[in-house]
Amino acid sequence: MNIAPFIFVGLLATFSISWFGFVFRSQAQLSKLEPFKDPITSVVYPIARSGVAMQGAEVYRAQGCAACHTQQVRPKELGNDIERGWGSRFTVATDYMLDNPPQLGSVRLGPDLANVGARLPDVNWHYAHLLDPKSKVEKSNMPPYAYLFQKKKVGSGAAGLTLPNDPNFVYVPTDEGRALVAYLLSLRTDGTVFEAPMPRPTTNAPAGDTNAPAATATNAPAK
Amino acid sequence: MTASVLPSTPAASCAVRPPTAQIDASTRAAVLWLTIASVKWLLVSLVAGLVSSMKLHMPALAAGIPALTYGRLTALQDSVFIYGFASQAAMAVSIWLICRLGGTLLVGGGVIIVSSIIWNLGVVVGSLGILAGNGSPFEHFQFPHNAMPILFVAYCVFAICAILTFASRKECNTYPSLWFVFAALIFFPWIFISASMTLWSPIVRGSTSPVIAAWAGNGLVTLWLGSVALAAVYYLLPKMTGRSLFSYGLAVFAFWLYVIFGQATGMHFTAAFPAWVSGVSEVCTFMMLLPAFASAYNWYSTVKDKNAKSSAELAFKFASWGAVFYMAASIAAALGALPAIKRLVGFTLFQPGVSQLFLLGFFTLSVFGAVHYMIPRVTGMEWKAPAFHFIGTLAGAGLVSVGLLLGGFAQGSKAANAAAPYVDVARSTVPFVGIIIIGFLLLIVGQLSFLAGLARHCCVCCSKCIGGNR
């Protein structure tokens, strides 16, 4: 007996069920997400990243940063990310609703970056870290990204960073370098959402190129 | 359960099958072409893996070259492995098994070579795209979008030939290997088109695209590549020992559980997915132990007390170790789905380790078993297979997988202490990266020896055809 038609129907059924669940159902569920407006403060989260930060997301993708860095804070049952100070709450689907695509990553050969804009809000720290990671983290295993900087002679009028072993030159961030740092600073998942409790604020970083409101705004009176 | 089916002699014939030598000869050009093309890409993938592993030891290595960032190299390694090597090797094994088990001549051998040329063009476009920084962040779909239509067109041309061959089979009864090949040929385009149409679509935004990418990526590995590797093992182990498969019923059980639970494995580590996605995936990953144990029992009962001559053959060794890696990958994946271990090894090298147990271990060894069995038959000449190919591939696959798994546990143990600086956690992988580098070197030398041996064999084969001595 030729059982090929029966196998085909069986395979079609199993695939259809999984397609319906993971493609159709996911889209139906997640596409309905809307930014959350805090009823007390009227602060909306998330808000769109600035244009330069969105360009930075493309630089982040092109360099393959997600091969070493995740952008997801796990709940306490699944890991000690919150205890480590990587976020004040775990991340949820709402955090990524304006990203296309989100760059979640799956392996941590470096720290998680979901909330790096709040943890490390100093723009110069990021430039120095990209140019020479060991200048900021002594035992760092991150490669230097010197090609995101233009090398210019000291005295040429250009303002930039200097390296201790190369005092005759200054390093000026390229457009790509500026965009990448703008994106890193915009990575903040400390906005209020329904799904995840927010036990305590983690930062006093000012609002800038970010998808989260500044912490100082959270005590503003309701309008 | 009683012995029931032997790969080469199904219970009933619908029509007279052509002589086996004629069947093998009909697949010669396509099988050799696909095999050489696939192993060539495997070498590219392994070199990318070697350099990216070395960059973990020496971060400053080639740090000034944007094309060689760690992220781009790992994306290249993965994509070239999946599309360059594994998919083409799966195609070679599929068409040969369809012809052998269906008792029919290959339809459109030349067309399959044309489809392979188009496919390789797609892999080149995709690889250059990744190196130029145009890759996507989706695991197993990291080629830029413009490579996807090329690959899909090539696959459609190949699949038409494969389905026409399947439809013209002379054997009415289908052996279990054919079910797996049939499933693989059908699942690939469904998964591939679902991913290609949605991942780059402006309609699909936010967390939906990583969910679809994880579902499709795991489907690609489990249902497309895994099915072909299972087909190879189900064919080779009984064939090489001259036994019938121990139990047809157990094979039916394993097949259906594999295609049902294989739909949603390996998606449980991502914390940003809706809870039901992780929950379903944990259950499916754990339940994949059922088809794994069913297949292992079936194979063991088939080959136990095997005669020494068969066991010495290279193809048998490859297939047996492929089966061992299949069990190891299934058990490791199931352990990773347990909450305590998931907490320990989440986001570490453990997950790539499980992936390499399956891909470099199970898939590569099983498919090379089939390749070593096919080559002398399609060329009609005995060949002296390079012995180091087996040793290098087995030891290399073992070292890379074990290095990643142990590195994952070391990383997880260190990270369990929240007070430990993360740079120390990252550095805890360094000794294991050394093991992985040795593994990649062995794999590279093994594939070089295989390609050299195959090139010599093909030269003799071609001279026989050209000289009219066949």
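Does C458(B) count as buried or exposed, and at what relative accessibility? In this predicted model, C458(B) counts as buried because its relative accessibility is 11%, under the 20% cut-off. C458(B) takes part in no disulfide, and the nearest cysteine sulfur, which belongs to C462(B), lies 6.1 Å away. The cysteine C68(A) can be described in similar terms: C68(A) is buried, with a relative accessible area of 17%. For C68(A), the nearest cysteine sulfur is that of C65(A), at 8.4 Å, and C68(A) is in no disulfide. Over all chains, the structure holds 0 disulfides.

We turn next to the nonpolar interior. The largest nonpolar core contains 173 residues, and those with the most contacts inside it include L11(A), Y83(B), W119(B), Y155(B) and W224(B). Helix 7 of chain B, spanning residues 208-241, supplies the largest share of this core, with 22 residues. Another core, of 26 residues, lies apart from it, and among its members are A66(A), L113(A), Y147(A) and Y171(A). Back in chain B, Y155(B) touches several residues beyond four places away in sequence, among them M91(B), W119(B), F188(B), P189(B) and W224(B).

Two helices lend themselves to a simple check of geometry. Helix 6 of chain B (residues 176-199) has 24 residues, which at 1.5 Å a residue should span 34 Å; the end C-alpha atoms are 34 Å apart, so expectation and model agree. This helix is mostly covered, with 21 of its 24 residues buried. Helix 2 of chain A (residues 51-63) has 13 residues and an expected span of 18 Å, which agrees with the 19 Å between its end C-alpha atoms. Among its buried residues are A53(A), G56(A), Y60(A) and R61(A), and their cover includes helix 5 (175-186) of chain A together with helix 3 (70-102) of chain B. G64(A) follows helix 2 of chain A and has a positive phi, near 75 degrees.

Charged pairs complete the picture. The count comes to 12 salt bridges over all chains. In one of them, R49(A) and D99(A) meet at 3.0 Å, N to O. R49(A) lies in the loop between strand 2 and helix 2 of chain A, and D99(A) in the loop between helix 2 and helix 3, so the pair ties together parts 50 residues apart in sequence. Both R49(A) and D99(A) are buried. R108(A) forms a salt bridge with D81(A), with the closest N and O atoms 2.9 Å apart, and both of these residues are buried.

How values were computed:
Residues numbered from 1 in each chain as written. Chains lettered and ligands numbered in written order. Predicted model: local features only at pLDDT ≥ 70, side-chain atom pairs only at ≥ 80, totals over all residues. Heavy atoms only, no water. Core = buried A, V, L, I, M, F, W, Y, C linked by side-chain atoms within 4.5 Å. Buried < 20%, exposed > 50% of the residue type's maximum accessible area, 1.4 Å probe, protein only. Helix = DSSP H or I, 4+ residues; strand = E, 2+ residues; numbered from the N terminus. Contact = heavy atoms within 4.5 Å. Expected span 1.5 Å × (residues − 1). Disulfide = S-S within 2.5 Å. Salt bridge = Lys/Arg side-chain N within 4 Å of Asp/Glu carboxyl O.
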